[in-house]
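Q: Please take a close look at one part of this structure for me, the cysteines, and then walk outward from there to the helices and the charged pairs. I would like one connected account.

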Amino acid sequence: MYSFFATISRMKYIERWALMRSTRPENLSEHALEVATIAHVLCLIGNRRYDRKLNAERAAMLGLYHDATEIITGDMPTPVKYHSSDIRQAYGLVEKAAARKLLDLLPEDLRGSYEEILLPVGSDISESEKYLRRLVKAADKLSALIKCIEEENAGNAEFRTAKESIEVMIGDLARELPEVRDFCRDFLPAYGRTLDELL
């Protein structure tokens, strides 16, 4: 019996934004789906508009699993995780151990395929893969901004400062990654609108 997928399905029980009062809770499954869809389209934008050769399907898979280790570690709040380089380094080791634990839940013949998704990569990866992974990280930040927009539109001021700091990060990313700039211009304004307005 291999319990990898039963364990992965528990992402729905990991609540995000633990230190914040939310009008609607967001779980890790929801977040992973949003990151995957945004990472996918960022790669498509890169390929179609900027003549890149990015694997959009791989980006989607990386997005789906990017926080899977939190099934074991829980969601470490960003202010804690990035408080110091020592904490970030220690948490990186914990994440790596959690990824190894998840990989142990797979049959041997499938582990290699998931290792390249769950484990951090070394410096010997291609420039294209590095760029793709930057887009997945950008998708993660965009998903966080979307949550802030939704909370703000629901009248929750709790996310105001988080939104401001994430907007600064995304502004920096948009200067380096034209795909992020295009997503913000073409798609971000629709978030927070009513269903009637969207349709």
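A: Let's start with Cys 148, which counts as buried because its relative accessibility is 0%. This is a predicted model, and its cysteine sulfurs stay unpaired, as the structure holds zero disulfides. The sulfur closest to that of Cys 148 belongs to Cys 184, and at 13 Å it is too far for a bond. Cys 184, in turn, is in no disulfide, with the sulfur of Cys 148 as its nearest cysteine sulfur. The cut-off makes the reasoning plain: the two sulfurs would have to be within 2.5 Å to count as a disulfide.

From here we can step to helix α10, which covers residues 178–186 and includes Val 180. Val 180 is buried, with a relative accessible area of 1%. Setting aside neighbours within four places in sequence, Val 180 is in contact with Leu 42, Ala 138, Ile 170, Leu 173 and Ala 174. There is also a pairing by backbone position to look at: the C-alpha atoms of Val 180 and Leu 142 are separated by 8.6 Å, although the two residues are 38 apart along the chain.

Charged side chains come next. A network of salt bridges links Arg 49, Arg 181, Asp 182, Arg 185 and Asp 186. Across the structure, the count of salt bridges comes to 23.

One of these pairs is Lys 163 with Glu 152, whose side chains meet at 2.7 Å, N to O. Lys 163 lies in helix α9 (residues 160–176) and Glu 152 in helix α8 (residues 127–153), so this pair ties together parts that are 11 residues apart in sequence. The two partners differ in how they are covered: Lys 163 counts as buried, at 15% relative accessibility, whereas Glu 152 counts as partly exposed, at 39%.

Another salt bridge joins the side chains of Lys 53 and Asp 51, with 3.4 Å from N to O. Here Lys 53 is exposed, at a relative accessible area of 66%, and Asp 51 is exposed too, at 60%. Arg 24 and Glu 30 form a further salt bridge, at 3.0 Å, N to O. In that pair Arg 24 is partly exposed, with a relative accessible area of 43%, and Glu 30 is partly exposed as well, at 32%.

Now for helix α7, which runs over residues 108–118 and has Arg 111, Tyr 114, Ile 117 and Leu 118 buried. Looking down the axis of α7, these buried residues fall within an arc of 120 degrees, so they line one face of the helix. What covers them includes α1 (4–8), α3 (56–65) and α6 (85–103).

To finish, turn to the surface, where Leu 33, Met 61 and Leu 64 form a nonpolar patch. Together these three residues have about 240 Å² of accessible area. Leu 33 has its place in helix α2, residues 28–50, and it is exposed, with a relative accessible area of 52%. Set that beside our starting point, Cys 148, which is buried at 0%, and you have a nice pair of residues to compare as you turn the model around.

Technical notes:
Residues are numbered from 1 along each chain as its sequence is written. This is a predicted model: local features need pLDDT of at least 70, side-chain atom pairs count only at pLDDT 80 or more; totals for chains, interfaces and linings use all residues. Side-chain values use heavy atoms; hydrogens and water are left out. Patches are made of residues with over 30% relative accessible area and no salt bridge: like charges are joined within 9 Å, nonpolar side chains (Val, Leu, Ile, Met, Phe, Trp, Tyr) within 5 Å. Accessible areas come from the Shrake-Rupley method with a 1.4 Å probe; for residues, only the protein chains shown count as cover. A salt bridge is a side-chain nitrogen of Lys or Arg within 4 Å of a carboxyl oxygen of Asp or Glu. Helices (H or I, at least four residues) and strands (E, at least two) are DSSP runs, numbered from the N terminus. Buried means under 20% relative accessible area, exposed over 50%, partly exposed in between (1.4 Å probe, protein chains only). The arc is that of the directions from the helix axis to the C-beta atoms. Contact means heavy atoms within 4.5 Å.
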